[in-house]
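Here's a quick tour of one small model, from its overall build down to a few side-chain pairings. Have a look at it before reading on.

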Amino acid sequence: LRKKISELEAKMEKFSTLIARVDEMLAKPDTFSKDPAKAAQLSQQRANLEKALAATEEEWLLASEELGA
């Protein structure tokens, strides 16, 4: 169970890093005007990463509770 928790923590870190990278790209002023299709793709990718992060966090919480019980 501890191994699973460690793996989940690594996944959460990876998702957070990817979200930060997408945010950096979306924050550039010309992202939407220069390539609206890519901006839309980045926005969708960010939403998918947020969902994956939330699911992983939920799984981590459950595993942590189980370990503590």
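One cut-off first: a residue is buried when its relative accessible area is under 20%, exposed when it is over 50%, and partly exposed in between. By that yardstick Glu50, at 32% relative accessibility, counts as partly exposed. Keep in mind that this is a predicted model.

**Overall build**

The protein has 3 helices and 0 strands, and reading along the sequence gives the pattern α-α-α. Its C-alpha atoms fill a box of roughly 50 × 15 × 10 Å along the principal axes. The radius of gyration is 16 Å, whereas a compact globule of 69 residues would come out near 11 Å. Buried residues account for 20% of the 69 residues. About 5,000 Å² is exposed, and carbon and sulfur atoms supply 55% of that area. If you take contacts between residues at least 6 apart in sequence, 69% of them join residues at least 24 apart.

**The core**

In soluble globular proteins, nonpolar side chains tend to be buried together. Here the largest nonpolar core has 8 residues: Met12, Phe15, Ile19, Val22, Leu26, Leu42, Leu49 and Leu53. Helix H1 (2–27) and helix H3 (36–68) each supply at least two of them, with H1 giving the largest share, 5 residues.

What does Ile19 touch, leaving aside its neighbours within four places in sequence? The list is Arg46, Leu49, Glu50 and Leu53. Of these, Leu49 and Leu53 belong to the core too, while Arg46 and Glu50 form a salt bridge with each other.

**Around Thr31**

Between those two stretches of sequence, helix H2 covers residues 31–34, and Thr31 is found in it. Is Thr31 buried or exposed? Thr31 counts as buried because its relative accessibility is 12%, and the cut-off for buried is under 20%. Not counting residues up to four places away in sequence, Thr31 touches Met25, Leu26, Pro36, Ala39 and Leu42. Leu26 and Leu42 are both core members, so you can follow the contacts of Thr31 straight back to the nonpolar core. There's a polar side to this residue as well: a polar atom of the Thr31 side chain lies 3.1 Å from the backbone oxygen of Lys28.

**Salt bridges**

The structure holds 3 salt bridges, set out here with their N to O distances.

| Pair | Closest N to O |
|---|---|
| Glu59 and Lys4 | 3.6 Å |
| Asp23 and Arg46 | 2.3 Å |
| Arg46 and Glu50 | 3.1 Å |

Glu59 and Lys4 link distant parts of the chain, with Glu59 in helix H3, Lys4 in helix H1 and their positions 55 residues apart. Glu59 is partly exposed at 34% relative accessible area, and Lys4 is partly exposed at 38%.

Asp23 and Arg46 also join distant parts of the chain: Asp23 sits in helix H1 and Arg46 in helix H3, 23 residues apart. Both ends are partly exposed, Asp23 with 29% relative accessible area and Arg46 with 24%.

The Arg46 and Glu50 pair stays inside helix H3, where the two residues are 4 apart, about one turn of the helix.

Which residues are linked in a network of salt bridges? They are Asp23, Arg46 and Glu50. Arg46 is the shared partner, pairing with Asp23 and with Glu50.

Notes. Residues numbered from 1 in each chain as written. Predicted model: local features only at pLDDT ≥ 70, side-chain atom pairs only at ≥ 80, totals over all residues. Heavy atoms only, no water. Core = buried A, V, L, I, M, F, W, Y, C linked by side-chain atoms within 4.5 Å. Buried < 20%, exposed > 50% of the residue type's maximum accessible area, 1.4 Å probe, protein only. Contact = heavy atoms within 4.5 Å. Polar contact = N/O pair within 3.5 Å; in protein donor to acceptor, adjacent residues only side chain to side chain. Salt bridge = Lys/Arg side-chain N within 4 Å of Asp/Glu carboxyl O. Rg over C-alpha atoms; globule rule 2.2 N^0.38 Å. Areas by Shrake-Rupley, 256 points an atom, 1.4 Å probe, with all protein chains shown as cover.
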